[in-house]
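Visitor: I would like to go through this model term by term, asking at each step what justifies the word being used. Could you begin with the cut-offs on which the first conclusion rests?

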Amino acid sequence: LKLQFLYLIAFRASLGSNPHTMHRISSRTLGRRMASSGPRKVPLIIDGKHRESTTDKWIEVHCPATNKVVSLVPEATQAEMNEAADSCQKAFQEWREVSVSNRLRVMLKYQQLIRENHAALADLVTEEQGKTTADAMGDVFRGLEIVEHSVSAGTLMMGETLENVSRHMDTYSYRQPLGVAAGICPFNFPAMIPLWMFPMALVSGNSFLLKPSERDPTAAVRLVELAHEAGVPAGALNVIHGSRDCVNFMCDNEHIKAISFVGGNQAGEYIHARGTGNGKRVQANLGAKNHGVVLPDAPKDFTINSLVGSALGAAGQRCMALSTAVLVGEANEWVSDIVERASALKMGHGKTDGVDLGPMISPQACKRAHDLIDSAEQQGATIVLDGRNPTPPEGCEGGNWLAPTVITGVRPDMKCYTEEIFGPVLVVVSVDTLDEAIELINNNQYGNGTAIFTRSGPCARKFQHEVDAGQVGINVPIPVPLPMFSFTGSRGSIRGDINFYGKQAIQFYTYWKTITSNWNPEFETGNKAFTAMPVLGGK
């Protein structure tokens, strides 16, 4: 009951599926809208085919720049979800038998198709999520890199062997696929995060059931269509839509053996608890409060550009945004330069030339960020750049607009520091020494990532060694590793102990099977059983 209550109050920040922030409409209202050539209905994909849901519950998807409805997402029925999972289970039995080489060839074809459709995929991201075109292109590209790396799975999946563990006996281990895996995606990276999940699961021999974010599902649906075009067989990659009921189904369904989740802490903790309670593997990337430490010797222009771009890009809706600047000593004199650089950023529709940041995902997300800025002011911080209630860009008066905001005089006990704002807001904390900066970071509950800006090798070495965060950048503002490594957030930013993509993705989507064989040319004869524990290495 406690977990259920936690989930109900938490769902907004992580999945974008709070009942108070989504617009659900009845089938009667939907019929009237569709009759007047209304927004497109997003299909389910089951057994390789588009399926229009029979549900009477639909969720409106709004363009964040205008709040006009662009899509309608179904809350899949229980029967549809069961059918999708059953289809995945059936397809797994055949897909696992496809040779590793042929699975790799499918991924080679898939990366080609993503490249050919790169701009079109980015357009879908911009339309439903609000990112600038350049940022949306990056969203797709960082996912494409995972697909490229998946082609190395033949090497990553290689097992282990040892000859002559005993006379005439050998032991060897294989990596084998788990079965049906599932993915639950957030709104902020509608292309990249699905590609963190299903390519590595598929290439390992699993089938996959995907639930895109109900706020911006169309890019993920298009990626699945391209995967089928590349040769992923019918049923091996299915798509369902929904919110709480859909998530609970994935946590409970007997066919699903593993769940990948990216989103907020409370929903992620619920999914981890419910999923693992049902015997499933769960990896969950959660919230963050990433700190950018600036030493006085840092290259000034580069550092300011890095801070401002990382904190405010994508309207601050990145789990690896450097949302907290920690200015050490004389670096505190740079505040006016940070404000000047941030105020120069252009806000507008993502498809408009020259725009640096787009809107926030929803009116509710925008209000929450407003409220946290208000709380900073009430608790004694200074709003040195106030982005509240900006003049909307022309033609986008109905959008979810919050302009770049910079807050100074922030203390660790303030709400604007303890909570992830997830908006275009940079909070500034002042300290005297590097030791104080490290202590500040290590006392924070999150451990997704951090960065330091300095010209000092010894200071950088001290920082990387002593700081308690899973990903560290040295003069790198967003240290998200390339896919030959893994995304290694830590502490309060993760649940589960196996990370996304890279080598660890293979570990997550497979299990070890170890075989010990005895090919003695002269098996012992006799009529008495040997009951003592065998000692294989005795001879």
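Guide: A residue is called buried when its relative accessible area is under 20%, and exposed when that area is over 50%. Please keep in mind throughout that this is a predicted model.

Visitor: Why is A201 called buried?

Guide: The relative accessibility of A201 is 0%, and the limit for the term is under 20%, so A201 counts as buried. This residue is found in helix 8, and, leaving aside residues up to four places away in sequence, A201 touches A181, N206, F208 and Y509. A201 and A181 are 20 residues apart in sequence, while their C-alpha atoms are 7.1 Å apart in space.

Visitor: What makes F485 exposed?

Guide: F485 has a relative accessible area of 56%, and the term requires a value over 50%, therefore F485 is exposed. Its place in the chain is the loop between strand 21 (472-474) and strand 22 (490-491). Together with L482 and M484, F485 forms a nonpolar patch on the surface, and the accessible area of these residues together is about 310 Å².

Visitor: Which residues have the most contacts inside the largest nonpolar core, and which helix gives the most to this core?

Guide: The largest nonpolar core has 74 residues, and those with the most contacts inside it are Y110, I114, W196, M197, F198 and F208. Helix 8, residues 192-203, gives the most to this core, with 10 residues. A second core, separate from this one, has 32 residues, including A369, C416, V425 and F463. As a general background, nonpolar side chains in soluble globular proteins tend to be buried together.

Visitor: What does M197 touch?

Guide: When residues up to four places away in sequence are not counted, M197 touches G183, I184, C185, F208, S260, F261, V262, F500 and Y509.

Visitor: How do you know that strand 12 is mostly covered, and that strand 12 pairs with strand 9 and strand 13?

Guide: Strand 12, residues 256-262, has 6 of its 7 residues buried, and is mostly covered in that sense. For pairing, at least two bridges are needed between two strands. Strand 9 (residues 180-184) and strand 12 have 5 bridges in the parallel sense, and V180 has I256 of strand 12 as its bridge partner. Strand 12 and strand 13 (residues 281-285) likewise pair in the parallel sense over 5 bridges, with N285 of strand 13 as the bridge partner of V262.

Conventions: Residues are numbered from 1 along each chain as its sequence is written. This is a predicted model: local features need pLDDT of at least 70, side-chain atom pairs count only at pLDDT 80 or more; totals for chains, interfaces and linings use all residues. Side-chain values use heavy atoms; hydrogens and water are left out. A nonpolar core is a set of buried Ala, Val, Leu, Ile, Met, Phe, Trp, Tyr and Cys residues joined through side-chain atoms within 4.5 Å. Buried means under 20% relative accessible area, exposed over 50%, partly exposed in between (1.4 Å probe, protein chains only). Helices (H or I, at least four residues) and strands (E, at least two) are DSSP runs, numbered from the N terminus. Contact means heavy atoms within 4.5 Å. Patches are made of residues with over 30% relative accessible area and no salt bridge: like charges are joined within 9 Å, nonpolar side chains (Val, Leu, Ile, Met, Phe, Trp, Tyr) within 5 Å. Accessible areas come from the Shrake-Rupley method with a 1.4 Å probe; for residues, only the protein chains shown count as cover. A salt bridge is a side-chain nitrogen of Lys or Arg within 4 Å of a carboxyl oxygen of Asp or Glu.
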